[in-house]
Amino acid sequence: MSGMTEQWLDLRSDTVTRPGAAMREAMQAAPVGDDVYGDDPSVNRLQDYAAELFGYEAALFAPSGTQSNLICLLVHCGRGDEYLVGQEAHTYRYEAGGAAVLGSIQPQPILNQSEGSIALADIAAQIKPDDFHFARTKLLALENTIGGRVLGADYLAQATALAHSRGLATHLDGARICNAAVKQGVSLRAAVAGFDSVSVCLSKGLGAPVGSLLCGSNPFIAQAKRWRKMLGGGMRQAGGLAAAGLYALEHNVARLADDHANAAFLAQALGRISGLSVSTPQTNILYVDMPAAACAGLNAALKAEGIRVSMGPHLRLVTHLDASRADLQRLVDVFAHYFKTSQA
Ligand SMILES: *Cc1c(COP(=O)(O)O)cnc(C)c1O
């Protein structure tokens, strides 16, 4: 398939989505300026739109979700401060330790419950008293969706209220918060209620090529701009990218329901194949457990059909706007044929 990469069906992640014709037109037509001077009308429009959409005073466009989360941690916490975070959280586990390395911020990881939350009692127990032996506990960081699971509105209200009552700030890694809101049938404002800051990925299921948004109060965003500059995230004529992000927020949120329906379809179809144990997806992510001995052969069979996955005995499949129901049926057929004919 080399040289024909555009034909792959790729279920490794929803980051693989490519801008379609209408999004590319919006990018092409975008007026631009120097955003470090605050002069890019398309970036300003995106930031204003996002602040309104998520219900914050201001928003800031950042090159990636990793940088946007890091900026938020750097604003909330100083050297020798600590943030409470789930053991499975992206900010703790998959961002190269940025808060510790670049911010001298100590993470206090806490076990995630099976549905993705951090137990309220565990949060309370990890808030350190004001004693010079301890790092200063400053922030509770949650993630929604987490591994495709949606945290309940009641839980989020209780966890953020607990944090605030103990003097902590709250940050939401909302890389896939639009999936959570669509799944729960609530507004984006309602989905982020209780959080002092939020980071939202435009480049996942929303289908923009690049970029994340962080939202917060005016003073929060003013400080965030300094950190973004320091981290090398100040972009110049970024309006083309911002226009893609704006298009994504305007057109690609409601359609996430299709991705969720496709994930449910995939789970049902794969669940009928003996030898597989398939999770029930809440949004666009499902997990397939299978014998380790099957992985190499199955991966070869998938590749031969132009299908890319992150193969392993605990396989994660992610649906998105570049994976149609017919595409997914092709994947199901390869699985079914493989497990019917192999000894694995
Ligand atoms: C993807 C993701 C991020 C940020 O990823 P980037 O690749 O840096 O944009 C942050 N948090 C979660 C939960 C994510 O899934």
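How far from an oxygen atom of the ligand does a backbone N or O atom of G65 lie? Keep that in mind as we work through this predicted model, where local features need pLDDT of at least 70, side-chain atom pairs count only at pLDDT 80 or more, and totals for chains, interfaces and linings use all residues. Residues are numbered from 1 along each chain as its sequence is written, and side-chain values use heavy atoms, with hydrogens and water left out.

**Exercise 1. Describe the polar contacts of the ligand.**

Step 1. Recall the cut-off: a polar contact is a pair of N or O atoms within 3.5 Å.

Step 2. Start with the opening question: the distance from the G65 backbone atom to the ligand oxygen is 2.8 Å.

Step 3. Turn to the side chains. A polar atom of D173 lies 2.6 Å from a ligand nitrogen, and an N or O atom in the side chain of H90 is 3.4 Å from a nitrogen atom of the ligand.

Step 4. Add the area: the ligand alone exposes 380 Å², of which the protein buries 82% (Shrake-Rupley method, 1.4 Å probe).

**Exercise 2. Characterise the shell around the ligand.**

Step 1. List members, counting a residue as near if one of its heavy atoms lies within 4 Å. Among them are S64, T66, N69, E95, E143, R176, C201 and K204.

Step 2. Sort them by class: two are nonpolar, five polar and five charged. Here Ala, Val, Leu, Ile, Met, Phe, Trp, Tyr, Cys and Pro count as nonpolar, Asp, Glu, Lys and Arg as charged, and the others, Gly among them, as polar.

Step 3. Find the main contributor. Helix α3 (residues 65-76) gives the most to this shell, with three residues; helices (H or I, at least four residues) and strands (E, at least two) are DSSP runs, numbered from the N terminus.

**Exercise 3. Work out the sheet that contains β10.**

Step 1. Write the order: this open sheet of three strands runs β9-β10-β12, with antiparallel pairing. Strands pair if DSSP finds at least two bridges between them.

Step 2. Explain the edges. β9 (277-278) and β12 (314-318) each have a single partner strand, so one side of each is left without a neighbour in the sheet.

Step 3. Follow β9 into β10 (residues 285-289): two bridges join them, and a hairpin connects them through six residues. S277 has D289 as its bridge partner, while V278 stands opposite V288.

Step 4. Cross to β12, which pairs with β10 over five bridges; L286 partners L317 there.

**Exercise 4. Find two unusual backbone spots.**

Step 1. Set the expectation: most residues other than glycine have a negative phi, and most peptide bonds are trans.

Step 2. Check A96, in the loop between α4 (90-93) and α5 (98-103). Its phi is positive, about 60 degrees, although A96 is not a glycine.

Step 3. Check T145, in the loop between β5 (136-143) and α7 (153-165). The peptide bond from N144 to T145 is cis, with omega near -5 degrees.

Terms used. Polar contact = N/O pair within 3.5 Å; in protein donor to acceptor, adjacent residues only side chain to side chain.
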